[in-house]
Amino acid sequence: TLTDGSTWDAQLVGAEPDKDLAILKIDAPKELLRGIRVGRSRNLKVGQSVMAIGNPFGLSHSVSVGIISAKDRREIAPSGRAGFYNFLQTDASINPGNSGGPLINMRGEVIGINTAINAAGSGIGFAIPINMVKEMLPDLKSKGRYSRSWIGIHIQQLTEELAQSYGLKEPMGALVAEVVQAGPAAKAGILEGDVVIEFN
């Protein structure tokens with residue numbers, strides 16, 4: 001449904017359910033569609049002003065204003081799904097219905113896609129950085145899905161105590177907690193208990 005009230009059938013070009021992302025195509029006249037500039041999320045700074053646009057609780061074309069509260073949030077699991085997200089955190093109000101809407105900087109550029117909220121908190125919302133979205137677009141357009149590389153290991157943080165038990169001078173690296181059978185890491189000879197300290 002566009003701002004003039006017209007509705008159009010949409011064709012699903014590509015989707016990445018783990019990231020709540022999809023590319024839709026509609027055959028509406030160009031004069032009804034306006035593009036928006038896409039910015040960069042890599043250079044964002046905590047404290048930078050942003051706006052979240054969306055349809056919270058059915059209130060269409062709502063805008064809320066706030067700042068980037070934190071970057072690189074990885075401990076968030078939207079809808080209970082764990083994954084690698086690297087979220088931007090913002091205190092701009094994000095509510096049910098904001099998902100999929102843009103997070104915009106003060107130059108009017110999209111720097112994130114509103115995705116999740118912390119239901120227990122007030123003013124704690126999360127957006128996927130636009131640079132992560134840019135990486136997915138070629139695959140979503142050409143294949144209809146995102147091809148993700150994987151190593152085939154589960155890792156855990158190396159604590160001071162674990163580092164000592166493995167004879168390491170300091171807790172540096174990631175402890176291999178589990179190796180997926182027949183995965184790339186297993187074929188390469190990585191074992192449970194190994195500590196990864198570098199990769200290229």
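**Notebook: strand S8 and the cores around it**

I began with the strand pairing, and found strands S7 (residues 110–117) and S8 running antiparallel, joined by 5 bridges. A note to myself before going on: this is a predicted model.

**Entry 1, the neighbours of S8.** I looked up which residue of S7 and S8 face each other, and Ile 113 turned out to stand opposite Ile 128 in S8. S8 has another partner too: strand S5 (residues 87–90) is joined to S8 by 3 bridges, again in antiparallel fashion. On that side I noted Leu 88, whose bridge partner in S8 is Ala 127.

**Entry 2, cover.** Is S8 mostly covered or mostly open? I checked residues 125–129, and 5 of the 5 are buried, so I wrote "mostly covered", taking buried as under 20% relative accessible area. For the chain as a whole, I noted that buried residues make up 32% of the 200 residues.

**Entry 3, the largest nonpolar core.** Which members of this core touch the most others? I found four of its 15 residues in that role: Leu 21, Ile 113, Ile 128 and Val 133. I then asked where the core draws its residues from, and strand S2 (21–25), S7, S8 and helix H1 (130–142) each supply at least two. H1 gives the most, with 5 residues. I was happy to meet Ile 113 and Ile 128 again here, since I had just logged them as standing opposite each other.

Next I followed Val 133. Setting aside its neighbours within four places in sequence, I see Val 133 in contact with Leu 21, Ile 113 and Ile 128. I also logged a second, separate core of 10 residues, which includes Ala 52, Ala 92, Ile 94 and Leu 103. As background, nonpolar side chains tend to be buried together in soluble globular proteins.

**Entry 4, the whole chain.** I stepped back and counted 3 helices and 11 strands. Reading from the N terminus, I get the order β-β-β-β-β-β-β-β-α-β-α-β-α-β. The C-alpha trace spans about 65 × 35 × 30 Å along its principal axes. Of the contacts between residues at least 6 apart in sequence, 48% join residues at least 24 apart.

**Entry 5, surface and charge.** I have the accessible surface of the chain down as about 12,900 Å², with 52% of it belonging to carbon and sulfur atoms. How many positive and negative side chains are there? I found 20 positive and 20 negative, and the centres of the two sets lie 8 Å apart.

Terms used: Residues numbered from 1 in each chain as written. Predicted model: local features only at pLDDT ≥ 70, side-chain atom pairs only at ≥ 80, totals over all residues. Heavy atoms only, no water. Helix = DSSP H or I, 4+ residues; strand = E, 2+ residues; numbered from the N terminus. Buried < 20%, exposed > 50% of the residue type's maximum accessible area, 1.4 Å probe, protein only. Contact = heavy atoms within 4.5 Å. Areas by Shrake-Rupley, 256 points an atom, 1.4 Å probe, with all protein chains shown as cover. Lys, Arg positive; Asp, Glu negative; His and termini not counted. Charge placed at Lys NZ, Arg CZ, Asp CG, Glu CD. Pairing = 2+ DSSP bridges. Core = buried A, V, L, I, M, F, W, Y, C linked by side-chain atoms within 4.5 Å.
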